[in-house]
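Good morning, colleagues, and thank you for making time for this short presentation. I would ask you to keep the sequence and the model in view while I speak.

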Amino acid sequence: MPSPWTNVYGLARTLLALGTLLTLTFSNSATLFRPVAFQGDHPTCRGIEAGGAFCLVPSDDLDGMRWVCVAVLLVVASGWRPRLTALPHAYISFSVFTGIAIGDGGDQMTTVLTLLLVLPALGDRRRWHWDAADSANEHPRWLLLAGVSALVVVRLQMSFAYFQACVSKLPHAEWADGTGMWYWGNSLAFRPPGWLYPLVAPVLANPIGVAVMTWSPLFIEISLAAALLVRQRVRYALLAAGGGFHLCIAVMMGLWSFALAMWAGLLLLCLPLGGEFRMREPRAGQESSAQQPRSKATALDSEKPASRAASTS
């Protein structure tokens, strides 16, 4: 059984923390906490939402609580002591999703993923989640099983999320006939920024261009939904396609917190279970003609060490 305590899952935790951190840092309290039609003032503090961090303080102290959450998220993003920061991270993610007025799908995905990552994080004995992975043999069997099971559930969650994202669009005529992105691209709320719109507008005005922009996301989403059914080599290609897809959404629509959350999920979906990024030593034939001292290459290797068992989906 592979070890769940790798720097791949660590990077995913950092991306999730950064997404929430950016929302809280660059959105002022007047934007985050305001009345919403048919919902009332935010935070609403109804039902389970009353347990969120922003419901524990008076409305005059919401800004102070916002900065407390930012400080905690900075520690989480740094990778320090995953065992100690796992529960605060999950709690802040829940508090933001249920407490702010401008929540989106990225906040919801972050809440789900941070909750699932609590299990492996509580068993993580490393000082930093960037450190080399602990040997699976050094942990109790039940703790190892809990961590690996949580990561498997994360993969299933991401697969289902992409499946639902694709299939839910198909009944709508605009997505079926290839014009869906024309409406999104010309929406006052989600259209590309001013510097980019002159470049995108001609593509949206072209029937073939707008059809490609509309159907490409559907193809990428359904492909990512099937990621667990294909070989690892194909998953690397899907990781690149998914990463580029969410980068385009972030640049065109400004949904950067959403992109960070989905990038975190993509890493856990597409990279080998138990795999980690490692520094790779250059081969002898790659030494420079100047006979410079041998140094570590900067390439990242996400394959698992040879001593570990082959990963499964």
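I shall begin with a disulfide, which joins C45 to C55 with an S to S distance of 2.0 Å. Before going further, I should say that this is a predicted model. Where in the chain does this pair lie? C45 is in the loop between helix 2 and helix 3, and C55 is in the loop between helix 2 and helix 3 as well, with the two cysteines 10 residues apart. As to its handedness, the torsion about the S-S bond of C45 and C55 is about -100°, so the disulfide is left-handed. A search of the whole structure finds 1 disulfide.

How accessible are the cysteines? With a relative accessible area of 31%, C45 is partly exposed, because this value lies between the limits of 20% for buried and 50% for exposed. C248 is likewise partly exposed, at 44%. C270, by contrast, has a relative accessibility of 0% and therefore counts as buried.

Let me turn to helix 3, which comprises residues 62–78. Does its length agree or disagree with its number of residues? At 1.5 Å a residue, its 17 residues should span 24 Å, and the C-alpha atoms at its ends are 25 Å apart, which agrees.

Which residues of helix 3 are buried? They are L62, M65, R66, C69, V70, L73, V76 and A77. Around the helix axis these residues cover an arc of only 145°, which means that they sit on the same side of helix 3. What do they pack against? The partners of these buried residues are helix 1 (7–26), helix 2 (29–32) and helix 4 (82–99). Just after helix 3 comes G79, whose phi is positive, at about 95°.

Finally, I place these details within the chain as a whole. The secondary structure consists of 13 helices and 2 strands. Of the 313 residues in the chain, 47% are buried. If we consider contacts between residues at least 6 apart in sequence, 73% of them join residues at least 24 apart. The chain exposes about 15,900 Å², and carbon and sulfur atoms supply 66% of that area.

To close, I return to two points on the screen: the left-handed disulfide between C45 and C55, and helix 3, with its buried residues on the same side. Thank you for your attention.

Methods:
Residues numbered from 1 in each chain as written. Predicted model: local features only at pLDDT ≥ 70, side-chain atom pairs only at ≥ 80, totals over all residues. Heavy atoms only, no water. Helix = DSSP H or I, 4+ residues; strand = E, 2+ residues; numbered from the N terminus. Buried < 20%, exposed > 50% of the residue type's maximum accessible area, 1.4 Å probe, protein only. Contact = heavy atoms within 4.5 Å. Areas by Shrake-Rupley, 256 points an atom, 1.4 Å probe, with all protein chains shown as cover. Expected span 1.5 Å × (residues − 1). Arc of directions from axis to C-beta. Disulfide = S-S within 2.5 Å.
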